[in-house]
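Please open the structure in your viewer and keep the sequence beside it. The stops below suggest what to select next and say what is there.

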Amino acid sequence: MFRLDLRPLRHLLVTVAFPVLVLQQDLFGTGWGVQDFAGPTFAFMISALVPALYVLGMQLGNRQASPVWLLFTLSTLVNALSSFWWTDGLTFAVKDSSGSLFLAVSTLTSLLVGKPLFRFVVREYLSVVPQLTADDLTRLLHGPVRTLVQQSTVVLFLKGLTVASVNTYVKFHMVKGSFGTEAFNQSLSLAVAVMVPVAYLATVTAYTLIFVLWKHKLGRHLTFPFSPQVLHQALLHVR
């Protein structure tokens, strides 16, 4: 029986719509907003902490701990903790980009130490293939596949750096007023609304490019659907 998965919609509502609505001065034309009852500072804290705690709860609910899981959990914690640093101007813009900066630095570091982050993504994806042992996975991810993993990690680094840079620019130029004021919250809600499609576009572009890289290398062996078993068989034909 077909069941509609509402998790993506719930994720968008909590992480995108909720913070924008909480920061509004005039909520749905009623003439009032959350900050009329909670104050501008507390309204900001609600808009920042609720999405972060929601994502953190999702991460902790995933019992399959891995380096990738740890990285995204730490990134979420960085975002949550940064909301307690009350500042404005350029400092706020850079601070607000801390999550993307953390991911960019992590992916770059993984490349510099010779352990590309995307290798852990592929290992985790292929770990459900019954006949694959840890040694088999290690052998699969060397040679030509290692180059693909490195290129994919570079794409993720550029994506994180791009989002962090654009977010810093947008928040610096659009967020006006001092922290803890209604003007600050109102302009921040507009800046968030601008950055949401930018961030999603960057994500779609990055993973599309990664797909093109892998499809170009694996060719006809990589077919729909991209199940772990299909990817495993495709990797066996890499030369």
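The tour goes from the whole chain to its cores, then to aromatic rings and a few single residues.

**Before selecting anything**

This is a predicted model, in which local features need pLDDT of at least 70 and side-chain atom pairs count only at pLDDT 80 or more, while totals for chains, interfaces and linings use all residues. Residues are numbered from 1 along each chain as its sequence is written, and side-chain values use heavy atoms, with hydrogens and water left out.

**The whole chain**

Show the protein as a cartoon, where there are 11 helices and 0 strands; both are DSSP runs numbered from the N terminus, helices being H or I with at least four residues and strands being E with at least two. Now switch on the surface, whose accessible area comes to about 13500 Å², with 69% of that belonging to carbon and sulfur atoms; such areas come from the Shrake-Rupley method with a 1.4 Å probe, and for residues only the protein chains shown count as cover. Of the 239 residues, 39% are buried, where buried means under 20% relative accessible area, exposed means over 50%, and partly exposed is in between (1.4 Å probe, protein chains only). Among contacts (heavy atoms within 4.5 Å) between residues at least 6 apart in sequence, 68% join residues at least 24 apart.

**Two nonpolar cores**

Which residues have the most contacts inside the largest nonpolar core? Select Phe118, Val122, Leu126, Trp214, Leu218, Leu231 and Leu235, which hold that place in a core of 21 residues; a nonpolar core is a set of buried Ala, Val, Leu, Ile, Met, Phe, Trp, Tyr and Cys residues joined through side-chain atoms within 4.5 Å. At least two residues of this core come from each of α7 (117–126), α8 (134–140), α9 (144–174), α10 (182–218) and α11 (228–235), and α9 gives the most, with 5 residues. Centre the view on Leu126, which, not counting residues up to four places away in sequence, touches Leu132, Leu137, Leu140, Pro228, Leu231, His232 and Leu235. Then select Val170, Val175, Val192 and Ala202, which are included in a second, separate core of 20 residues.

**Aromatic rings**

A pair of aromatic rings is described by the distance of the centres and the angle of the planes. Rings of Phe, Tyr and Trp (its six-membered ring) pair if their centres lie within 6.5 Å, with planes under 30 degrees apart counted as stacked, over 60 as edge-to-face and the rest as tilted; by this rule there are 7 aromatic pairs. Select Phe44 and Phe179, an edge-to-face pair at 5.0 Å centre to centre with 85 degrees between the planes. This pair links distant parts of the chain, 135 residues apart, since Phe44 is in helix α3 (residues 40–61) and Phe179 is in the loop between α9 and α10. Phe44 counts as buried because its relative accessibility is 4%, and Phe179 counts as buried because its value is 16%.

Keep Phe44 selected and add Phe184, which forms with Phe44 another edge-to-face pair, 6.3 Å centre to centre and with 70 degrees between the planes. Phe184 is in helix α10, 140 residues from Phe44, and both of these residues are buried. To see one aromatic cluster, select Phe44, Trp86, Phe92, Phe179 and Phe184 together.

**Single residues to visit**

Go next to Asn185 in helix α10, which counts as buried because its relative accessible area is 0%. A polar atom of the Asn185 side chain lies 2.8 Å from the backbone oxygen of Pro40, and Asn185 also touches residues including Leu23, Gln35, Ala43 and Phe44.

Is Lys171, in helix α9, buried or exposed? Lys171 counts as buried because its relative accessibility is 5%. The side chains of Lys171 and Asp96 are joined by a polar contact of 2.4 Å, that is, a pair of N or O atoms within 3.5 Å of which, within protein, one must be able to donate a hydrogen and the other to accept it, with residues adjacent in sequence counting only if both atoms are side-chain atoms. Among the other residues that Lys171 touches are Ala93, Leu188 and Met195.

Finally, select Phe42 in helix α3, which counts as partly exposed because its relative accessibility is 47%. Draw a distance from the C-alpha atom of Phe42 to that of Gly180, and the separation is 8.3 Å for residues 138 apart along the chain.
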